[in-house]
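User: I'm new to this structure and would like a close look at a single part of it. Could you take me through it slowly, in plain words?

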Amino acid sequence: MSMALLSSSSLHLPQKRFNLFHPNRLQICKNPILMTGFVSKKQFLGGLGSSYQKSMEMLARVEKYGGGGVAEKEAEAEAVLGDAQLGKFEAILNKLSKWLVACLFGLYILWRHDGEALWAAMGSVVNSWLSITLKQILNHQRPVSALRSDPGMPSSHAQSIFYIAVLGILSLFQWMGTNLFTVSMGAFILISGSYLTWLRVSQQLHTTSQVLVGAILGSSCAISWFWLWHAFVLKAFISSIWVRVIVVLGSAAFCIAFTFYVVREWLIDEL
């Protein structure tokens, strides 16, 4: 009887159907990696990596040859902006250079307040008078006549700056001797004077030749004036009261008159 119960005729089991549209089947078939007839997961990932690498190489080529234009334009814009800011700074510094040099020279005279300082002040007046006279004689046009109408040869700024710079260097070496400090300070003064003089060229107020001639004349005047003081004037200044009176009164009169003249001309230029 038990054998009868187990027979296929007496036992009715539901038949299992294979449905392609069953939900579970659809979920499995959605993944192409696991479907029969598709590539394996390893092969698929390998192909994906190769395509990604080629895409990145193409993007790199585009960035190099075509896509870098934006970055280059931004860099050029930043460079132009930096040049504009530097040009504005140099223009302001050029306008203030004459006042800066004059103030430093005035502080030097007040600090020394002796015969040599007065002699140096008188020399600055003679140096400036020489520059003005040569300008009228040579009558050399400036690079841009619309900026300044007066002649430009030699450059008065260059001549005055180098007169003060070279005279200051000579006085420094005569006072403290030759050592590391005086050599360093002398180089700093010379470089600063050269930069302030170069601004006259960058601002198109003078040509290079006008600036060079002014620098040579100013340096020559400073050396000559320094040598005259220590070779002749100093001995007479110590031994004779009349020489002291002439040097003091003459320097004071020259400096006061010239200061009013120069300040008046500078104010006119500024306005």
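User: Let's look at the part around helix H5. Is asparagine 139 buried or exposed? Please start there and then work outwards.

Analyst: Happy to. Keep in mind as we go that this is a predicted model.

Asparagine 139 counts as exposed, because its relative accessibility is 56% and the cut-off for exposed is over 50%. This residue lies in the loop between H5 and H6. Its backbone deserves a look too: phi is near 50 degrees, a positive value in a residue other than glycine. Most residues other than glycine have a negative phi, and most peptide bonds are trans. The loop between H5 and H6 also holds proline 154, and here the second half of that rule comes up. Methionine 153 and proline 154 are joined by a cis peptide bond, with omega at about -5 degrees.

Now for the helices on either side of that loop. H5 and H6 pack with their axes 10 Å apart, at an angle of about 155 degrees. An angle over 145 degrees counts as roughly antiparallel, so that is how H5 and H6 lie to each other. Their crossing is right-handed. If you want to find the contact on screen, look on the H5 side for residues including Glu116, Ala120, Gly123, Asn127 and Lys135. On the H6 side, the residues they meet include Ser156, Gln159, Tyr163, Leu167 and Ser171.

H5 has another partner in H8. The axes of H5 and H8 come within 10 Å and cross at roughly 140 degrees. H5 and H8 are therefore oblique to each other, and H5 passes H8 in a right-handed crossing. From H5, the contact involves Gly115, Trp119, Met122, Val126 and Leu134, among others. From H8, it involves residues including Leu217, Cys221, Trp225, Trp229, Val233 and Phe237.

Trp119 is a good residue to pause on. Leaving aside its neighbours within four places in sequence, tryptophan 119 is in contact with Trp225, Leu228, Trp229, Val233 and Ser251. There is a ring story here as well: ring pairs link Trp119, Trp225, Trp229 and Phe237 into a cluster.

Trp119 also leads us to the largest nonpolar core, which has 23 residues. Together with Phe105, Ile109, Tyr163 and Leu167, Trp119 is among those with the most contacts inside this core. Who builds it? At least two residues each come from H4 (69-112), H5 (115-138), H6 (156-176), H8 (208-239) and H9 (241-270). H8 gives the largest share, with 8 residues. A second, separate core has 5 residues, including Leu93, Val101, Ile161 and Leu196. As background, nonpolar side chains tend to be buried together in soluble globular proteins.

Back to aromatic rings for a moment, since the structure holds 7 aromatic pairs. Tryptophan 111 and tryptophan 175 form one that is edge-to-face, 5.5 Å centre to centre and with 65 degrees between the planes. This pair links distant parts of the chain: tryptophan 111 sits in helix H4 and tryptophan 175 in helix H6, 64 residues apart. Tryptophan 175 counts as exposed, at 57% relative accessibility.

Tyrosine 195 and tryptophan 198 make another pair. Their ring centres are 6.1 Å apart and their planes are at 25 degrees, so this pair is stacked; the cut-off for stacked is under 30 degrees. Tyrosine 195 and tryptophan 198 are 3 residues apart in helix H7 (residues 180-202), which means about one helical turn separates them. Tyrosine 195 is partly exposed at 32% relative accessibility, and tryptophan 198 is partly exposed at 43%.

While we're in helix H7, have a look at arginine 200, which lies there too. With a relative accessibility of 4%, arginine 200 counts as buried. Not counting residues up to four places away in sequence, it touches Asn94, Arg142, Arg148, Ser155, His157, Leu205, His206 and Val211.

One last stop is the loop between H7 and H8, where glutamine 204 has its place. Like our starting residue, glutamine 204 has a positive phi without being a glycine, here about 60 degrees. Glutamine 204 is partly exposed, with a relative accessible area of 45%, whereas asparagine 139, where we began, counts as exposed.

Note on methods
Residues numbered from 1 in each chain as written. Predicted model: local features only at pLDDT ≥ 70, side-chain atom pairs only at ≥ 80, totals over all residues. Heavy atoms only, no water. Core = buried A, V, L, I, M, F, W, Y, C linked by side-chain atoms within 4.5 Å. Buried < 20%, exposed > 50% of the residue type's maximum accessible area, 1.4 Å probe, protein only. Helix = DSSP H or I, 4+ residues; strand = E, 2+ residues; numbered from the N terminus. Contact = heavy atoms within 4.5 Å. Phe/Tyr/Trp six-rings, centres within 6.5 Å; stacked < 30°, edge-to-face > 60°. Axes fitted to C-alpha atoms, helices over the stretch in contact; angles between N-to-C directions. Parallel < 35°, antiparallel > 145°, perpendicular 65-115°, else oblique. Left-handed = near helix turned anticlockwise from the far one by under 90°.
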